[in-house]
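Reader: I would like a close look at one part of this structure. Please begin with a sheet, then work outward to what surrounds empty space.

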Amino acid sequence: MPFADVGEVSCDPRNALVFEHGWQSWSPTGAYRLDDRPPRAADPTIQTLCYRPETPAPAGVFQGEGLLAIDPGDGGPVELWSAPGPLQVPSIRARREHDRLVVSADGPVRHSRTAKPLAQALRDWAGTIAIGHAPESFPAVPPMWCTWYGYWDKVTEADVLENLELARRHRVDADMFLIDDGYEAGIGDWLDLRPEFGSLERAVGAITDAGKRAGIWVAPFLAGHRSRIFREHPDWLIPGVSAGHMWDQDLAVLDVTHPDAAAHLVHVFERLAAIGLTHFKLDYIYAGALPGRRHQDVDPIAAYRRGLELIREGAGPGATIHGCGAPMLPSLGLVDIMRVSPDIAPTLLPRSGDISQPSQLGARLAGAAREFLHARWWVNDPDCLLARPEMEAREDWAAHIAATGGLRGSSDPIAALDAWGLETTRRLLVPTRTDPS
């Protein structure tokens, strides 16, 4: 659908702010002055992986996905243009014309204005959109420990068991242990194990025998070109659609509207739940909302939401569904926990200069800008605490985590923590706040 003008705002060019809400977990989000250059994708691959690939923002234009808000900076009301709800999410742009901002969108929008400050306007908007889609309240979620930032994709069963024991010995109060990427034989082959990992059943059994909950990472809508599912079931994939390039391979997309692919997806989560897993971190799930010709004629957001419903069917009604790399508005009502920032990294700045990429700076900026979603749409996940000595500016990252109401998780090898890191980890691993931020 082409962009059409939907409104305009007179503003003070020196003081006006435009709030852009990014498409998915890793998309930059924040408020910018009119002379700022908001973050944009460094290359086409990152545009697919971390932004909304079908609507790259033109140069010199502000763009929000499902939400764009303007504080005119002259004492006038804050004005918001937004999606009608989670099923239709337009891209919304603002272009500067002298002392005005002209707003356009490529789909239906709601317009509202308020005399409240921008931060409160965002909170009120999130609360309004949540009505009828999200729960009215959110229980406190206990903290976790995660394998990823300590072991990456070389994690083993032994690493999990070692940290389970060290957490007990050093009084690191993690209630759930999450086995992240690296256990699987291939991207898409979630029930086939990488031989070097060991036994998933033994690892999960040890976690649950210790009185903890067990979680696992899955990228459920991806099929790497080296995977068995890609070779054996090409009819289960959306033809001609690429989810980008990662793990040194191109990534195809599972078509959840195909009956056999849908049955496979349910089966994967039934099997994982059967061995005792109750927390499912779903990653790279932007792939499920990519445009393409599916087996059934449904729009991408409807297909994406159907995919999440199938996962819930397989995982069971009591499972915790944890989104990451996930379209924000289209996930409303379908996830319990949502990553609201790019990945953290041991480095302060992203290597590519693009703050959608792993870094402390990108995770801090987007996480703070989306704090208003916590306990209104879901439990926010600001990503894990890293407190080991090699973490750059680790005191600043710990302060950011302390200021959020969201999920607390440690992802350091516990043996790598010094005295400060261990004390900080113990202090910050607390349940989530139940009141909206």
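Author: What follows starts with one sheet and then moves to other parts of the chain. Keep in mind that the model is predicted.

Start with the five strands. They form an open sheet. Read across it, the order is 3-2-5-6-9. The pairing is antiparallel. Strand 3 (30-33) and strand 9 (110-114) are the edge strands. Each of them pairs on one side only. Neighbouring strands are turned against each other by 20° on average, with direction ignored.

Now zoom in on strand 2, residues 17-20. In the sheet order it sits between strand 3 and strand 5. Take the side of strand 5 (residues 67-71). Four bridges join strand 2 to strand 5, and the two run antiparallel. One pair to find on screen is L17, whose bridge partner in strand 5 is D71. Now take the side of strand 3. Four bridges join strand 2 to strand 3, again antiparallel. Here look for E20, whose bridge partner in strand 3 is G30. Find L17 and E20 and you have a residue of strand 2 for each side: D71 is the partner of L17, and G30 is the partner of E20.

A helix goes with this sheet. Helix 2 (residues 118-130) lies across strand 2, strand 3, strand 5, strand 6 (78-82) and strand 9. Its direction makes an angle of about 35° with strand 6. Check the list against the sheet order, 3-2-5-6-9. Each strand of that order is in the list for helix 2.

Next comes another sheet. It is open and has four strands in the order 1-8-7-4. Its pairing is antiparallel too. Strand 1 (4-10) and strand 4 (61-65) stand at the edges, each with a single partner strand, so one side of each has no neighbour in the sheet. The twist averages 25° from one strand to the next. Follow strand 4 to its partner, strand 7 (residues 91-97). Five bridges link strand 4 and strand 7. Within that pair, V61 stands opposite R95 of strand 7.

Now turn to helices. Two packed helices are described by the angle between their axes and the distance between the axes. Helix 7 and helix 8 (residues 300-315) pack at about 35°, and their axes are 7 Å apart. Their crossing is right-handed. From helix 7, the residues that meet helix 8 are A262, L265, V266, F269, E270 and A273. From helix 8, they are G307, L310, I311, E313, G314 and A315. By class, this contact has eight nonpolar, two polar and two charged residues.

L265 leads on to the next topic, the empty space inside. Rolling a probe the size of a water molecule over the atoms shows where empty space is left. A search of the whole structure finds four cavities of 30 Å³ or more. The largest has a volume of about 50 Å³. Its lining is made of G188, W190, P220, L222, A223, I229, L237, L254, H264 and L265. Strand 15 (222-224) and helix 7 (259-274) are the elements that give two or more residues to this lining. So L265 has two roles to trace: it lines the largest cavity, and it is in the contact with helix 8. By class, the cavity lining has eight nonpolar, two polar and no charged residues.

Last, look at the open space. The largest pocket holds about 840 Å³. It is lined by 31 residues. Nearest its centre lie W148, M246, Y284, D343 and P358. Helix 1 (44-50), helix 3 (148-151) and strand 16 (245-246) each give two or more residues to the lining. Helix 1 has the largest share, three residues. The classes are 18 nonpolar, five polar and eight charged.

Stay by strand 16 for a backbone detail. W247 is in the loop between strand 16 and strand 17 (249-253). Its phi is positive, about 55°, although W247 is not a glycine. D383 is another residue to check. Its phi is near 85°, again positive in a residue other than glycine. Find D383 in the loop between strand 21 (379-381) and helix 10 (394-403).

Terms used: Residues are numbered from 1 along each chain as its sequence is written. This is a predicted model: local features need pLDDT of at least 70, side-chain atom pairs count only at pLDDT 80 or more; totals for chains, interfaces and linings use all residues. Side-chain values use heavy atoms; hydrogens and water are left out. On a 1 Å grid over the protein atoms alone, a cavity is a set of points where a 1.4 Å probe fits but cannot get out, and a pocket is an open set with protein on both sides within 12 Å along at least five of seven lines; lining residues have an atom within 4 Å of a point. Grid points are joined across faces, edges and corners, and a volume is the space filled by probe spheres set on the points. Ala, Val, Leu, Ile, Met, Phe, Trp, Tyr, Cys and Pro count as nonpolar, Asp, Glu, Lys and Arg as charged, and the others, Gly among them, as polar. Two strands pair if DSSP finds at least two bridges between them. Axes are lines fitted to C-alpha atoms, for helices over the stretch in contact, and angles run from 0 to 180 degrees between N-to-C directions. Contact means heavy atoms within 4.5 Å. A crossing is left-handed if the near helix is turned anticlockwise from the far one by less than a right angle, and right-handed if clockwise.
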